[in-house]
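Work through the following exercises with the sequence and the model side by side. Try each task before reading the solution beneath it.

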Amino acid sequence: SLLAFCVDRCVPYVDLPTALRDSIIDRTGYAKRMLQQCRERLRLYPYAIIDDAVLLGGETPLDYYASVLTLMLKKEWAYDALPNFTAVDILRLFGIGRNEYINLLNGLKGRTARWLLKGSYVNDAVPRKLAPSATLHPAWIVRSVALPADVATERLEKHFDKELPSNFGSEEAAAAAGEADNAVPESSASGISAPAFLNKKRKAELQRLIRRHLEIWAMLRRGAKAKPGSPSPAADATPPPKAPHERRTTPAGSAFGFKGQPEGPSAGLLRSSADGGTPYRACEFPRKEIHALYRLGLVYASIEVSPGDSFVVPPFDGFVMNRPSQDWLERLLYDTLSALDERRTLAEHARDLVGSSADQ
């Protein structure tokens with residue numbers, strides 16, 4: 001059917017025929033169906049519709065690839081089941097290549113009883129945050145993921161509870177304990193024991209880190225500009241004037257503003273993408289904080305391109321050579337890589353690729 005073809009080809013919802021868009025499927029259902037089909041075929045994350053995939057489908061690249069790995073582990077599929085570009089993206093974001101996947105699968109198989117009786121054990125074994133090496137380029141556009149505040153707080157708390165050393169504040173505790181005073185070796189001048197002092201300092205630092213990251217996350221949701229490193233503005237602050245925005249945010253297809261826009265928690269974020277306001281870039285925030293939010297799936301990233309841009313393909317580093325795939329997306333990506341030339345624009349490459357596809 002036409003709908004099945006559009007889902008398979010990841011056609012953006014705004015580009016669907018009007019009759020199909022209005023009478024057969026809503027935008028949220030379309031995004032979720034597309035994500036499900038991509039997952040079942042182990043495809044690359046649909047970056048071309050990343051705004052819909054995140055804000056309506058509810059899946060960032062972190063969520064999507066975690067579910068792909070969970071599916072493969074539960075079915076005990078070999079690593080070779082992954083198409084090349086999917087394997088490369090998982091390695092880029094999670095640091096999981098062939099050896100890491102085999103070790104993970106073998107480790108789960110070693111717990112036969114739990115493997116058979118409790119499928120959720122597989123879910124616990126799959127990473128729920130991106131690898132520290134996951135790249136967030138300073139020029140990339142960053143947007144907030146529409147999550148409840150308590151979910152964001154819980155992710156940050158678990159993350160920093162592991163990241164923060166258990167002996168945080170030990171130097172202050174030693175000074176407070178008055179170790180130089182042999183008469184009172186285990187207590188501070190204030191009467192607080194060293195272990196209690198450590199716990200208090202660590203808890204205060206944990207709360208400070210969570211609060212700072214939540215401020216940046218909330219700032220992105222409100223859409224109010226602020227200088228890097230400064231505290232977030234008040235919730236009722238007036239946002240800056242909107243500037244014309246001619247370049248489209250990509251991956252391609254991220255266009256909004258058509259009739260019948262969805263309502264709900266994500267609707268405001270979708271409309272803000274359509275308003276043409278100046279988007280945030282990663283370089284506008286402290287590097288450590290925005291990278292932590294990105295790793296935890298609390299923000300997602302995209303880039304801007306225009307038809308007149310040109311790209312350079314650097315030498316491959318860490319490319320995974322996995323099974324050949326006859327999937328249309330894999331073939332298109334290989335054709336794109338082989339055809340890219342820094343002396344030609346993306347519009348020229350697109351015309352060539354469309355022509356070669358028509359000839360096949």
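**Exercise 1. The chain as a whole**

How many helices and how many strands make up the secondary structure of the protein chain? Then describe burial, contacts and exposed area.

*Solution.* The model is a predicted one, and its protein chain comes to 16 helices and 3 strands. Turning to burial, 41% of the 360 residues in the protein chain are buried. As for contacts, among those between residues at least 6 apart in sequence, 74% join residues at least 24 apart. Finally, the protein chain exposes about 19400 Å², of which carbon and sulfur atoms supply 55%.

**Exercise 2. Classifying aromatic pairs**

Which geometry, edge-to-face or tilted, describes the pair formed by Y45 and Y64, and which parts of the chain does the pair tie together?

*Solution.* A pair of aromatic rings is described by the distance of the centres and the angle of the planes. The structure holds 7 aromatic pairs. In one of them, Y45 and Y64 lie 5.4 Å apart centre to centre, with 70° between the planes; since planes over 60 degrees apart count as edge-to-face, the pair is edge-to-face. Next, locate the partners: Y45 lies in the loop between α3 (27-40) and α4 (50-55), whereas Y64 belongs to helix α5 (residues 61-74), so the pair ties together parts that are 19 residues apart in sequence. Then check burial, for which the cut-off is under 20% relative accessible area: Y45 counts as buried because its relative accessibility is 1%, and Y64 is buried because its value is 0%.

Now apply the procedure to Y79 and Y101, whose rings are 5.9 Å apart centre to centre with 45° between the planes, a tilted pair. This pair links Y79, in the loop between α5 and α6 (84-94), with Y101, in helix α7 (residues 98-109), the two being 22 residues apart. Both Y79 and Y101 are buried. To finish, note that Y45 and Y64, together with Y47 and Y65, form one aromatic cluster.

**Exercise 3. The surroundings of E330**

Is E330 buried or exposed, and with which residues is E330 in contact beyond its neighbours within four places in sequence?

*Solution.* Begin with the location of E330, which is found in helix α15 (residues 328-339). Its relative accessible area is 5%, and therefore E330 is buried. Leaving aside neighbours within four places in sequence, E330 is in contact with P83, N84, F85, T86 and S325. For N84 the approach can be specified further, as its backbone nitrogen lies 3.4 Å from a polar atom of the E330 side chain. Lastly, the C-alpha atoms of E330 and L44 are separated by 8.6 Å, although these residues are 286 residues apart along the chain.

Note on methods. Residues numbered from 1 in each chain as written. Predicted model: local features only at pLDDT ≥ 70, side-chain atom pairs only at ≥ 80, totals over all residues. Heavy atoms only, no water. Phe/Tyr/Trp six-rings, centres within 6.5 Å; stacked < 30°, edge-to-face > 60°. Helix = DSSP H or I, 4+ residues; strand = E, 2+ residues; numbered from the N terminus. Buried < 20%, exposed > 50% of the residue type's maximum accessible area, 1.4 Å probe, protein only. Contact = heavy atoms within 4.5 Å. Areas by Shrake-Rupley, 256 points an atom, 1.4 Å probe, with all protein chains shown as cover. Polar contact = N/O pair within 3.5 Å; in protein donor to acceptor, adjacent residues only side chain to side chain.
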